[in-house]
Amino acid sequence: QVRVVESGGGLVQAGGSLRLSCAVSGSSISVNAMSWYRQAPGKQRELPAAITRGGSTNYADSVKGRFTIPRDNAKNTAYLQMNRLKPEDTAVYYCAASVSRLLSVGIPPSDYWGQGTQVTVSS
């Protein structure tokens, strides 16, 4: 019953910005680490950004200095702020969340994936 929903994708010109949202819903859950992945045709899956519940972040070299991944723990939501976009950023962006059940203490968390949102950067 845990759901992960991405939103905010669209078409933007090179040099522009987009802000993606990743909302996790479910009853009595705790969201741990959250990550953004992207997949483009003919390319390997990439991990542009990830953030722990405590706020520690990791960024791929290809997006460092352009993308940030803030999160709101109270809303179980993470964002991907993408600035100075390039055509090579074009991809379907997926959010993955590590989720624990609050009433299942001691049980390892499980990973959940959203359906993805398309980001297209025109030249």
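Me: Serine 62, is that buried, partly exposed or exposed?

Reply: This is a predicted model. In it, serine 62 counts as partly exposed, because its relative accessibility is 40%, and buried would need a value under 20%.

Me: Where does serine 62 lie?

Reply: In the loop between strand 6 (57–59) and strand 7 (67–68).

Me: And how many Å apart in space are serine 62 and alanine 33?

Reply: C-alpha to C-alpha, 21 Å. In sequence, serine 62 and alanine 33 are 29 residues apart.

Me: Other serine, then. Serine 30: buried or exposed?

Reply: Serine 30 counts as buried, since its relative accessibility is 17%. Serine 30 belongs to strand 4, which covers residues 29–39.

Me: What is serine 30 in contact with, neighbours within four places in sequence aside?

Reply: Arg53, Ser98, Val99, Ser100 and Leu102.

Me: Switching to rings. How many aromatic pairs does a search of the whole structure find?

Reply: One. The partners are tyrosine 37 and tryptophan 113, with 4.8 Å centre to centre. The planes are at 35° to each other, and the pair is classed as tilted.

Me: What does that pair tie together?

Reply: Parts that are 76 residues apart in sequence, because tyrosine 37 is in strand 4 and tryptophan 113 is in strand 11 (residues 110–113).

Me: Tyrosine 37, buried or exposed?

Reply: Tyrosine 37 is buried, at a relative accessible area of 19%. Its partner tryptophan 113 is partly exposed, at 39%.

Me: What sits over the ring of tyrosine 37?

Reply: The charged end of arginine 45, 5.0 Å from the ring centre.

Me: And which residue lies over the face of tyrosine 79?

Reply: Arginine 19, at 4.3 Å from the ring centre.

Me: Now the largest nonpolar core. Which residues touch the most other members?

Reply: Val24, Met34, Trp36, Leu80, Met82 and Tyr93, out of 28 residues in that core.

Me: Which strands each supply at least two residues of this core?

Reply: Strand 3 (18–25), strand 4, strand 5 (46–51), strand 9 (77–82), strand 10 (91–101) and strand 12 (117–122).

Me: Where does the largest share come from?

Reply: From strand 10, with five residues.

Me: So strand 4 keeps coming up. What have we got on it?

Reply: Serine 30 lies in strand 4, and so does tyrosine 37. Strand 4 also supplies at least two residues of the largest nonpolar core.

Methods: Residues are numbered from 1 along each chain as its sequence is written. This is a predicted model: local features need pLDDT of at least 70, side-chain atom pairs count only at pLDDT 80 or more; totals for chains, interfaces and linings use all residues. Side-chain values use heavy atoms; hydrogens and water are left out. Helices (H or I, at least four residues) and strands (E, at least two) are DSSP runs, numbered from the N terminus. Buried means under 20% relative accessible area, exposed over 50%, partly exposed in between (1.4 Å probe, protein chains only). Contact means heavy atoms within 4.5 Å. A nonpolar core is a set of buried Ala, Val, Leu, Ile, Met, Phe, Trp, Tyr and Cys residues joined through side-chain atoms within 4.5 Å. Rings of Phe, Tyr and Trp (its six-membered ring) pair if their centres lie within 6.5 Å; planes under 30 degrees apart count as stacked, over 60 as edge-to-face and the rest as tilted. A charge sits over a ring if NZ of Lys or CZ of Arg is within 6 Å of the ring centre and within 35 degrees of the ring normal.
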